[in-house]
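Subject: Structure handover and notes

Dear colleague,

I am passing on the structure we spoke about, together with my notes on it. Please look at the sequence and the coordinates before you read further.

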Amino acid sequence: MVRQFNTSVEEVFDAWLAPGTMRKWLFTSEATNKLVENVAHVGGHWEIIDHREEKDYRAIGEYKDIDRPHRLEFTFKMPQFSDSEDTIVVELNPIEDGCEMTFTQHIHVPHEDNWAEADILKAIDEFRDGSEHGWNLMFISLGEQVE
C-alpha cells in the first residue's frame, strides 16, 4: 500500500513509534486503545490492547529494523486469533509536498495441511483484503494525526 502525507518523513515515522500518537490511530482510536506500550529499539517490543464490544483485542510485535526516518520493520501478531506472525515494513521517502509511505505486510495465512491450492489462495486473498481494509482506515487516522 502506498500513501502520501502532506508532512515530513520525520513526522510520519515518529507517529509509528510515539506511544501517545500510536494510541490515537493504530488499531482504532484513543477512545478504545486502553494500553499502548512501546520499547522502540531493534529487539524491543510493542503492544496495543484495543477494547471494543466487551472484548480485548491484543496486538504485539518486535522491532527488527529501525532506520529513522526512512525504514521501520517489525513483527505483527494477534495471539487470540493465531500463532502466525506477520512482518511489516514501512518505508518513507520525501516528495515535493511531503512524504510517501510504502507499507508492506508479509502475511502468513494459517491453513490446514489437507487444503487444496485453491483454498489456500482464497484464504490469502481474504486475509489480504481484510488487512488492506483495516490498514486503510488506520492510515486515514494517521493522516489526521500528522497533517
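What follows is a description of what was found, taken element by element.

Please keep in mind throughout that this is a predicted model.

I begin with helix α3, which covers residues 117-146 and so has 30 residues by its DSSP assignment. From its first C-alpha to its last the helix reaches 42 Å, which is close to the 44 Å expected at 1.5 Å a residue. The buried residues of α3 are I120, A123, S131, W135, M138, F139, S141, L142, G143 and V146, and their packing partners are β1 (2-5), α1 (9-17), α2 (19-25), β5 (71-76), β6 (86-95) and β7 (98-106).

Two of these buried residues of α3, W135 and L142, reappear in the largest nonpolar core, which has 32 residues and in which V12, W16, V90, M101, W135 and L142 have the most contacts. The elements that give two or more residues to this core are α1, α2, β3, β4, β5, β6, β7 and α3, and α1 gives the most, with six residues. For L142 the contacts can be listed individually: leaving aside residues up to four places away in sequence, L142 touches F5, V12, A15, W16, W25 and M101.

Which side chains does the polar residue Q105 join through polar contacts? Q105 lies in strand β7, and its side chain makes one polar contact of 2.8 Å with the side chain of D86 and another of 2.9 Å with the side chain of W135. Because its relative accessibility is 16%, and buried means under 20%, Q105 counts as buried. Residues up to four places away in sequence again being left out, Q105 touches F76, D86, T87, I88, S131 and W135, and of these S131 and W135 are buried residues of α3.

T75, in strand β5, also counts as buried, with a relative accessibility of 6%. The side chain of T75 reaches the backbone nitrogen of E62 at 2.7 Å, and, with the same exclusion of residues up to four places away in sequence, T75 touches W46, I60, G61, E62, K64, E85, D86 and T87. D86 and T87 are thus among the residues touched by T75, and both are also touched by Q105. As for F103, T75 is 28 residues away from it in sequence and 13 Å away in space, C-alpha to C-alpha.

Turning to the strands β2 (residues 33-38) and β3 (residues 45-52), these pair in the antiparallel sense over five bridges, and E37 stands opposite E47 in β3. The two strands form a hairpin with six residues between them, and in the turn G43 has a positive phi of about 95°.

The structure holds ten salt bridges, of which I describe some here. The side chains of D14 and R68 meet in a salt bridge at 2.7 Å, N to O, and this pair links distant parts of the chain, since D14 is in helix α1 and R68 is in the loop between β4 (55-67) and β5, 54 residues apart. Are these two partners buried or exposed? Both fall in between: D14 is partly exposed, with a relative accessible area of 30%, and R68 is partly exposed as well, at 47%.

A salt bridge of 3.0 Å, N to O, brings together the side chains of D56 and K34, and here too distant parts of the chain are linked, with D56 in strand β4 and K34 in strand β2, 22 residues apart. D56 is partly exposed, with a relative accessible area of 39%, and K34, at 49% relative accessibility, also counts as partly exposed.

The side chains of D65 and R71 likewise meet in a salt bridge, at 2.7 Å, N to O. Through salt bridges that share partners, D65, R71 and E73 are joined into one network. D65 is partly exposed, with a relative accessible area of 24%, and R71 is partly exposed with a relative accessible area of 24%.

With kind regards

How values were computed:
Residues numbered from 1 in each chain as written. Predicted model: local features only at pLDDT ≥ 70, side-chain atom pairs only at ≥ 80, totals over all residues. Heavy atoms only, no water. Helix = DSSP H or I, 4+ residues; strand = E, 2+ residues; numbered from the N terminus. Expected span 1.5 Å × (residues − 1). Buried < 20%, exposed > 50% of the residue type's maximum accessible area, 1.4 Å probe, protein only. Contact = heavy atoms within 4.5 Å. Pairing = 2+ DSSP bridges. Salt bridge = Lys/Arg side-chain N within 4 Å of Asp/Glu carboxyl O. Core = buried A, V, L, I, M, F, W, Y, C linked by side-chain atoms within 4.5 Å. Polar contact = N/O pair within 3.5 Å; in protein donor to acceptor, adjacent residues only side chain to side chain.
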